[in-house]
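Visitor: I should like a close look at one part of this protein: its aromatic side chains. Please describe how they are arranged, and then turn to the ligand.

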Amino acid sequence: DRTQAAKAGIQIQRHGSCIDHDPCAVPFDSGQTGLGKSTMVNTLFASHLVDSRGRLDVDDPIPQTTAIEETQHSIVENGVRLKLNIIDTPGYGDQINNDGYQYADYSIHADLQIKDQYSGYLRKELTAQRDRHIADTRVHCCLFFINPTGHGLKPLDITVLRKLSEVVNVVPVIAKADSLTLEERELFKERIRAELQQHAIKLFPFDTEELDAEEIQLNERIRTMIPFAVIGSEKTVVIDGKPVRGRKTRWATINVEDERHCEFVYLRNFLTRTHLQDLIETTSLMHYEAFRAKQLTALKE
Ligand code: GDP
Ligand code: MG
């Protein structure tokens, strides 16, 4: 029985030294094949792309993701150049690959991959000299792709969401939102928020004492919007004579950047503008710190 939902992620991180103003974003993306994860990550960052190693090219066909694929890019946002690593992984409920590696098992333990990355960083921290620059390989954000069934989350989603949210900033999105009407989307979003609350799953953004009233209000607005209902596209369509990222459906032409069509723009602003710094800091100060404390305590015992 295949799970109906999937997860994916985006992480954002900064290079080791605190005088470095060049944050590095590392999206982590995984979920059931065909949910539009690769397309979404491509759509999110393509318009701001200035340099790429690996595939994030508008014209390249997207191969079905059968192995973990890591690519490096540079984007410019607000005049700031960001390094962006994207980790695109196959989802749970997927097939076995050539090596007989079970993605289903792998993805249920997706939190282990994040912990692996923390381990590597911790090792470097413990051995590196103080002034040595440590490349920040930690995952700053994990996008979790929910299948647009309109019904709700699967028990497996709850399990994976719980595990992931304990180790990384998780941002849930409803994939392929064009398959739901606006009313269905709103109902689905409400249902998912109720389920998250019922299962006591606490997601990013978190309010801290350092936040001012405006930031707390902004976080509250984000919480009423999560999960973002998004539509992705690797194609350009022409609307009112202008080329835009979009999709042609039986009823209409969708502009993914039109706020009346989906919440793509809100997600992008959230990830690359309003909460970029918070994603980086929360990873370091909350998730990684908790991991580090546990590891170091275990070492002493
Ligand atoms: P992945 O396996 O989750 O990485 O999915 P892909 O990004 O490879 O997309 C799978 C298929 O879904 C492709 O044919 C995409 O063109 C299509 N697709 C991606 N995003 C959307 C979307 O928002 N709406 C619709 N209707 N189709 C989409
Ligand atoms: Mg893919």
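**Aromatic pairs and the ligand shell**

Guide: In this predicted model, the count of aromatic pairs comes to six. One of them joins Tyr118 and Tyr288, whose ring centres lie 5.6 Å apart with 70° between the planes, an edge-to-face arrangement. The pair links distant parts of the chain, for Tyr118 belongs to helix 3 (residues 110-127) and Tyr288 to helix 8 (residues 276-300), with the two positions 170 residues apart. Tyr118 has a relative accessible area of 1% and is therefore buried, the cut-off being under 20%. Tyr288 is likewise counted as buried, at 1% relative accessibility.

A second pair consists of Phe228 and Phe270. Their ring centres are 5.5 Å apart and their planes meet at 40°; because this angle is neither under 30 degrees nor over 60, the pair is classed as tilted. Phe228 lies in strand 8 (residues 228-229) and Phe270 in helix 7 (residues 264-274), so the contact ties together parts that are 42 residues apart in sequence. Phe228 is buried, with a relative accessible area of 0%, and Phe270 is buried as well, at 1%.

The pair of tyrosines described above also belongs to a wider group: Tyr118, Tyr121, Tyr288 and Phe291 form one aromatic cluster. A charged residue, Arg138, lies over the face of Tyr121, at 3.9 Å from the ring centre. Arg138 also lies over the face of Tyr288, where the distance to the ring centre is 4.6 Å.

The surroundings of the ligand may be considered next. Ligand 1 is surrounded by 14 residues, and the closest are Gly34, Lys37, Ser38, Thr39 and Asp178. By class, this shell contains seven polar, five charged and two nonpolar residues. Helix 1 (residues 37-46) makes the greatest contribution to the shell, with three residues.

Several polar contacts may be described individually. A polar side-chain atom of Thr39 is 2.5 Å from an oxygen atom of ligand 1. The backbone of Gly232 places a polar atom 2.9 Å from an oxygen atom of the ligand. In the side chain of Glu234, an N or O atom lies 3.4 Å from an oxygen atom of ligand 1. Taken alone, ligand 1 exposes 590 Å², of which the protein buries 77%.

How values were computed
Residues are numbered from 1 along each chain as its sequence is written. Chains are lettered from A and ligands numbered from 1 in the order in which they are written. This is a predicted model: local features need pLDDT of at least 70, side-chain atom pairs count only at pLDDT 80 or more; totals for chains, interfaces and linings use all residues. Side-chain values use heavy atoms; hydrogens and water are left out. A residue is near a molecule or strand if one of its heavy atoms lies within 4 Å of it. A polar contact is a pair of N or O atoms within 3.5 Å; within protein, one must be able to donate a hydrogen and the other to accept it, and residues adjacent in sequence count only if both atoms are side-chain atoms. Accessible areas come from the Shrake-Rupley method with a 1.4 Å probe; for residues, only the protein chains shown count as cover. Helices (H or I, at least four residues) and strands (E, at least two) are DSSP runs, numbered from the N terminus. Ala, Val, Leu, Ile, Met, Phe, Trp, Tyr, Cys and Pro count as nonpolar, Asp, Glu, Lys and Arg as charged, and the others, Gly among them, as polar. Rings of Phe, Tyr and Trp (its six-membered ring) pair if their centres lie within 6.5 Å; planes under 30 degrees apart count as stacked, over 60 as edge-to-face and the rest as tilted. Buried means under 20% relative accessible area, exposed over 50%, partly exposed in between (1.4 Å probe, protein chains only). A charge sits over a ring if NZ of Lys or CZ of Arg is within 6 Å of the ring centre and within 35 degrees of the ring normal.
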